[in-house]
Amino acid sequence: MDGTSAMADPAGARGPAAPPTPPVPLAALLAREELGLRQIAGPEAAGTAVQWVHTSEMADPYPYLLGGELLLTAGVHITGPEASQAHLDAYVARIVAAGGAALGFGVAPVHDTVPHALVAACDRHGLPLLEVPPQTTFSGVARAVWRLMSEARHVELRRVAEAQQGLATAAARPDPVPAVLRQLAARLGGLAVLYGPDGTELQVEGGPGRRRAEPAELTGIVRRATPAAPASAADTAGTTHLAAYALGGGRGFTLGVATERREPGDHTIAGAAVVLLSLLTGEHQGASEAARSAALVRLLLGAAPEETGPLLGSETWTVVHARGERTPLAASALAAALGSGLVDPGEDVVRLLLPADREVAPAHGWTLGISAPAAPGDLAAADTQAARALRRAEATRRPLVRHHASGLAALVAPEEADAHARVLLAPLGDNATLLETLRTWLSLHGSWDRTAVALSVHRNTVRQRITRCASLLQSDLDDPDVRMELWFTLNRPH
């Protein structure tokens with residue numbers, strides 16, 4: 001059986017999968033004086049990075065290598081015929097074929113010196129060869145690599161945090177879009193370009209002399225208005241690294257980035273800029289700020305919702321209730337993802353208004369309740385529908401639930417339905433708690449546990465309330481006919 005690894009590839013297969021921590025430059029490992037490592041063959045360490053450490057005494061470790069390892073061996077297998085030049089040449093060739101980064105050879109107790117044939121093979125195949133002195137244990141080398149990785153990750157996290165703070169500060173400036181682009185270009189050491197829906201350069205920030213056509217071509221990939229269009233794309237052109245990101249859910253605006261080098265954390269920094277730029281460019285994707293302000297002013301001055309609704313760009317609307325991260329920035333990011341600037345963050349539930357023709361998809365980290373399409377004058381009822389849909393989504397642990405009016409409602413005139421409801425529900429009076437508990441319990445097929453989750457109360461509280469409802473209504477709530485009548489009455493259109 002092969003030796004152990006200091007780190008493991010979560011993908012479980014050889015390939016280009018990124019390691020869980022930043023790779024360690026081999027030169028940094030050689031600089032650790034307490035290890036006493038010395039490179040005696042192969043190319044200079046400056047261009048080599050170690051992703052993990054692996055120990056093996058197998059004559060052919062190829063099947064157990066993932067790529068990027070510093071392979072450590074004491075040469076137990078390099079004795080007798082295996083010490084020949086041909087054998088060692090094949091041994092090194094297999095390590096290189098597996099993507100090994102370097103080979104560390106422990107001097108003592110098996111060998112007093114590194115075999116000359118191994119040195120020659122490493123020179124021939126371009127594999128860095130390190131001499132590990134007797135006083136240095138293989139576990140000590142692995143521990144040193146882990147410490148260097150931890151230090152690199154700390155530096156990366158600090159860089160990302162500082163960049164995110166800088167971007168947030170830039171977004172609060174009077175000229176937020178150019179300021180965010182400037183900050184992004186400075187943090188990445190490259191070029192940042194904002195493109196409009198037609199591909200036109202709207203704002204360019206960053207070092208002069210860089211080629212701008214390349215990111216423009218890449219942004220065409222993420223600008224396509226199709227469900228299969230990716231949110232981001234990356235490529236290289238010579239020594240230039242290119243990336244493009246769709247803004248505001250892929251509605252046309254894109255961010256292009258070009259850098260001469262790619263550092264750990266760059267993608268995370270660019271992601272923060274994408275969120276901010278999506279919010280800042282959101283006004284161009286819906287109604288204008290002037291129209292929105294006009295609608296608000298008219299409402300405050302007494303105009304009917306039917307008169308102000310068209311100013312916002314739609315005749316019918318969908319109300320969305322969402323529960324997830326409780327921060328204003330998270331709520332704004334959700335609004336940008338759904339393509340709406342009409343958002344009320346709230347303390348417990350985020351509420352949004354979307355044009356009824358806009359499709360709402362599940363959002364990562366959020367639970368959504370969606371109302372039926374409603375005219376401006378019916379938004380209050382739609383708000384109630386969205387709240388009920390959200391409670392049902394939480395109770396059933398689904399990311400999104402839509403309100404669907406009962407088909408029976410169309411068979412009964414609203415006036416008759418209201419009259420029947422007043423008589424049937426009269427024993428419950430105006431007890432909103434009992435009415436809502438009964439409605440939720442019926443919608444969840446009489447499940448005590450799921451109703452308790454939906455209402456954020458104990459299951460015994462639900463039982464007590466339902467028992468009280470049954471007593472006041474003098475009805476058997478286990479009877480399907482009674483349940484159907486009550487459900488119709490409680491869920492009738494208002």
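In this predicted model, helix H5 covers residues 176-188, and its 13 residues reach 18 Å from the first C-alpha to the last, close to the 18 Å expected at 1.5 Å a residue. Quite a list of its residues is buried: Pro 176, Val 177, Pro 178, Ala 179, Val 180, Leu 181, Leu 184, Ala 185 and Leu 188. Those buried residues pack against two helices, H4 (138-171) and H7 (266-280), and against strands E8 (190-195), E9 (201-206) and E12 (254-259). Just after H5 comes Gly 189, with a positive phi of about 65°.

One of these buried residues, Leu 184, turns up again in the largest nonpolar core. That core has 26 residues, and Leu 184, Leu 167 and Leu 255 are the ones touching the most other members. At least two core residues come from each of H4, H5, E8, strand E11 (240-246), E12 and H7. As a general backdrop, nonpolar side chains tend to be buried together in soluble globular proteins. Leu 167 is worth a closer look. Setting aside neighbours within four places in sequence, Leu 167 is in contact with Val 180, Gln 183 and Leu 184, and also with Ile 269, Ala 272, Ala 273 and Leu 276.

Several of the strands just named belong to an open sheet. Its 5 strands run in the order E9-E8-E12-E11-E10, with antiparallel pairing. E9 and strand E10 (232-237) stand at the edges; each has a single partner strand, so one side of each is left without a neighbour in the sheet. From one strand to the next, the twist averages 15°. At the E10 end, E10 and E11 are joined by 6 bridges in the antiparallel sense. Here Ala 234 stands opposite Ala 243 in E11, while Ala 237 stands opposite Thr 240. The hairpin made by E10 and E11 has 2 residues between the strands, and Gly 238 takes a positive phi near 65° there. Helix H7 lies across E10, E11 and E12, running at about 35° to E11.

Further along the chain there is another open sheet, also of 5 strands, in the order E14-E15-E13-E16-E17, but with mixed pairing. Its edges are strand E14 (343-344) and strand E17 (400-402), each with a single partner strand, so one side of each has no neighbour in the sheet. Strand E13 (residues 317-323) pairs with strand E15 (residues 350-355) in the antiparallel sense over 6 bridges. Within that pairing, His 321 has Arg 351 of E15 as its bridge partner. Helix H11 (residues 379-395) packs on this sheet and touches E13, E15, strand E16 (367-370) and E17, its direction making about 35° with that of E13.

As for confidence, the mean pLDDT of the chain is 81, and 83% of the residues reach 70 or more. Over residues 4-19, though, pLDDT is below 50; the model still gives this stretch 27 contacts beyond near neighbours in sequence. Residues 224-228 also stay under 50, and for them the model has 1 contact beyond four places in sequence. Where pLDDT is low, the predicted coordinates should not be read in detail.

Methods. Residues are numbered from 1 along each chain as its sequence is written. This is a predicted model: local features need pLDDT of at least 70, side-chain atom pairs count only at pLDDT 80 or more; totals for chains, interfaces and linings use all residues. Side-chain values use heavy atoms; hydrogens and water are left out. Helices (H or I, at least four residues) and strands (E, at least two) are DSSP runs, numbered from the N terminus. The expected span of a helix is 1.5 Å times one less than its number of residues. Buried means under 20% relative accessible area, exposed over 50%, partly exposed in between (1.4 Å probe, protein chains only). Contact means heavy atoms within 4.5 Å. Two strands pair if DSSP finds at least two bridges between them. Axes are lines fitted to C-alpha atoms, for helices over the stretch in contact, and angles run from 0 to 180 degrees between N-to-C directions. A nonpolar core is a set of buried Ala, Val, Leu, Ile, Met, Phe, Trp, Tyr and Cys residues joined through side-chain atoms within 4.5 Å. pLDDT is the predictor's confidence in each residue, from 0 to 100.
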